[in-house]
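Dear colleague,

I am passing on to you the structure we spoke about, with the sequence beside it. Please have it open while you read the notes underneath.

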Amino acid sequence: MRRPLLAVMLVLVGLGLGATLLRDQVPFSGAQTGQTAQTTTPAPTEAGARLQNEQNTIDIVRRYEPGLVYISTEQEVVSQNPLGYLFGQGDQTQVQQGVGSGFFVNEQGDILTNYHVVAGEGGQGSATRISIRVMNREQSVPARVIGLAPQYDLALIRPQGLDKSLIRPIPLGDSDTLRVGQKAVAMGAPFGLDFSVTEGIVSSTARQIPIGFSAGGEGITQKAIQTDAAINPGNSGGPLLDSGGRVIGINTQILSPSGAATGVGQSAGVGFAIPINSAKSLLPRLQQANGGVVGPPRLGITAGLVVQGPDRPVPVGLSALSSQGKQQLGLPETGLVVGSVQAGSPAAEAGLRGGTMRAFQGGRVAVGGDVIVAADGEPVDALEDLQAVLIDKKQGDTVNLRVVRGGRARNVTVTLDASSFQ
């Protein structure tokens, strides 16, 4: 699940195999041939001589690292054997393994992590088996999915049969109050090295990057925290903490120049975390999902332009069509075609209208209805663009749409109600 970005690579950090260890190059010092060794006074090593920042990091790790969770998954994948029938063999089942991180968020033992850490084959559903292990315990226990939020790249799981005394929730902070330059401590399992800690600063508080998974397979652009604390494959789902030991984000991706060349992303000092406030607003819905999927707020529309993908129809924006085709159909150059509108939905209440579906080679398109070209001032050309605007909305919030119908543009205000979050 890697997404290229120009000459570098935006990489999900749920699992990484292989690493190159670089030995630090230190200038030679001490006795050399023909020289007399110089005696130096060793630096004090007592706790009292530690820097204030060092002591703060030590205190954070000692107090909150027990709330970190090591996650391992197994996914059964059926591989087809085209020649198997010649030898009386059928398809073969293989087991793919993955690792990641997570952390306790409450006394009930709920564990917050990334969706891609526990996702099933092809990013669909959940893995066949999920296990967790806590600090200072050799044995793992199984865990079950409480709720999945693919578009947010978040998941909530709960261990089965874990001693309650081992549940150590880490307090959640307020990512809206972050400032560039603040201390950031990342915990997780880089390259499977469980219960590891790195430190850096908050490099940006509002970096826009594609996060999560949608029906079309594209990431939904969301605001993310950028940090230079080393994040590597295996760190996914682990907490990013501030100097007070509060969780400010969930580590999710890295920007990796080496990944573009080798296919295996490694830290280049540019890592990203999902702001904890996004997760906090979603937690109640995840806890009530009964193992199901939680999505972003909905307007009550379906996409009216779909093309046939490798295994299923995929919704796309108007930019996927040729200019000549759009002119013949009377459609704008870019936008999200509305295929249908659900009765009683916020979109229906606002007067949005779907079109009549027409088939063309490789897909279908709705004509005669509305085309959403912007939402809250942001250009819209696909479902992902609309979801990016909706993703942080709450019940009662409004979204301002720019809509084209029959060649005429107008502004439409849609108010989100309870049905938008069901």
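The notes below take up one residue, one helix and a group of strands in turn.

Please keep in mind that this is a predicted model.

Thr 113 lies in strand β5, which covers residues 111-113, and, with a relative accessibility of 0%, Thr 113 is classed as buried because the cut-off for that term is under 20%. Its side chain comes to 2.6 Å from the backbone oxygen of Ser 101. Leaving aside residues up to four places away in sequence, the residues that Thr 113 touches include Ile 71, Ser 101, Val 118, Asp 153 and Ser 236.

Helix α1 takes in the 13 residues 52-64, for which a span of 18 Å is expected at 1.5 Å a residue, and the C-alpha atoms at its ends are indeed 18 Å apart. Within α1, Thr 57, Ile 60, Val 61 and Tyr 64 are buried; seen down the axis, the buried residues fall within an arc of 100 degrees, so they line one face of the helix. Gln 52, Arg 62 and Arg 63, on the other side of α1, are exposed.

Strand β13 (residues 247-255) has nine of its nine residues buried, and is therefore largely enclosed by the rest of the structure. It runs antiparallel to β12 (residues 239-241), to which three bridges join it, and the two form a hairpin with five residues between them, where Gly 245 in the turn has a positive phi of about 80 degrees. Five bridges also join β13 to β14 (residues 271-275), again antiparallel. Ile 250 of β13 stands opposite Pro 239 and also opposite Ile 274 in β14.

With best wishes

Definitions and conventions: Residues are numbered from 1 along each chain as its sequence is written. This is a predicted model: local features need pLDDT of at least 70, side-chain atom pairs count only at pLDDT 80 or more; totals for chains, interfaces and linings use all residues. Side-chain values use heavy atoms; hydrogens and water are left out. Helices (H or I, at least four residues) and strands (E, at least two) are DSSP runs, numbered from the N terminus. Buried means under 20% relative accessible area, exposed over 50%, partly exposed in between (1.4 Å probe, protein chains only). A polar contact is a pair of N or O atoms within 3.5 Å; within protein, one must be able to donate a hydrogen and the other to accept it, and residues adjacent in sequence count only if both atoms are side-chain atoms. Contact means heavy atoms within 4.5 Å. The expected span of a helix is 1.5 Å times one less than its number of residues. The arc is that of the directions from the helix axis to the C-beta atoms. Two strands pair if DSSP finds at least two bridges between them.
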